[in-house]
Amino acid sequence: VCFTPDEEGVAMEDKCAVSPDGEYAVLKNPANKLALYRISDGTSSPLKNLDEDFLLIRWTGDGKSLFIRRRRELPAVIYKYDPAAGTMEKWLELTPKDAAGVKQIVQLKLTPDGETYAYSFKRESSDLYLMEDF
């Protein structure tokens with residue numbers, strides 16, 4: 001199956017997009033929103049109640065839910081999302097211990113049970129100098 005409806009592409013942002021049973025994939029559709037695609041025939045349906053700022057982290061181990069988060073949100077709030085109902089619950093909140101200058105979480109990996117994680121972040125820092133004429 002080729003996931004390119006009407007000559008507009010879709011995007012798989014991570015290998016964790018494929019469900020544990022291999023039947024579905026969560027992809028960004030042409031409207032840049034997360035959608036659920038059936039791998040066998042390419043049919044899709046947008047994930048309810050999510051705007052284009054949401055990113056997929058991974059499927060849960062049982063394949064019934066997704067871990068998702070908003071792009072460029074700090075602290076990074078991880079939600080457990082039920083694609084059948086279109087509902088989500090707050091699962092985890094991540095903020096570096098020293099958040100000074102941190103703009104965003106850029107990489108986030110989560111285990112299928114959502115209990116263990118690793119992440120990296122982007123920090124911007126600078127120094128300001130005052131020069132005076134003597």
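Is Tyr-119 buried, partly exposed or exposed, and at what relative accessibility? In this predicted model, Tyr-119 counts as partly exposed because its relative accessibility is 27%, and buried would require a value under 20%. Its ring takes part in an aromatic pair with Tyr-117 that is stacked, with 6.2 Å centre to centre and 25 degrees between the planes. Tyr-117 likewise counts as partly exposed, at 37% relative accessibility, and Tyr-117, Tyr-119 and Phe-121 form one aromatic cluster.

The structure holds four aromatic pairs, and another of them is formed by Phe-54 and Tyr-79, whose rings meet edge-to-face at 6.2 Å centre to centre with 65 degrees between the planes. Because Phe-54 lies in strand E4 (residues 54-59) and Tyr-79 in strand E6 (residues 76-82), this pair ties together parts that are 25 residues apart in sequence. Phe-54 counts as buried at 3% relative accessibility, and Tyr-79 also counts as buried, at 17%.

Elsewhere, an open sheet of three strands follows the order E1-E2-E3, with antiparallel pairing. Strand E1 (24-28) and strand E3 (44-46) stand at the edges, and since each has a single partner strand, one side of each is left without a neighbour in the sheet. Neighbouring strands of this sheet are turned by 25 degrees against each other on average, direction ignored. Between E1 and strand E2 (residues 34-38), the antiparallel pairing runs over five bridges, and Leu-27 has Ala-35 in E2 as its bridge partner.

Conventions. Residues numbered from 1 in each chain as written. Predicted model: local features only at pLDDT ≥ 70, side-chain atom pairs only at ≥ 80, totals over all residues. Heavy atoms only, no water. Pairing = 2+ DSSP bridges. Helix = DSSP H or I, 4+ residues; strand = E, 2+ residues; numbered from the N terminus. Axes fitted to C-alpha atoms, helices over the stretch in contact; angles between N-to-C directions. Phe/Tyr/Trp six-rings, centres within 6.5 Å; stacked < 30°, edge-to-face > 60°. Buried < 20%, exposed > 50% of the residue type's maximum accessible area, 1.4 Å probe, protein only.
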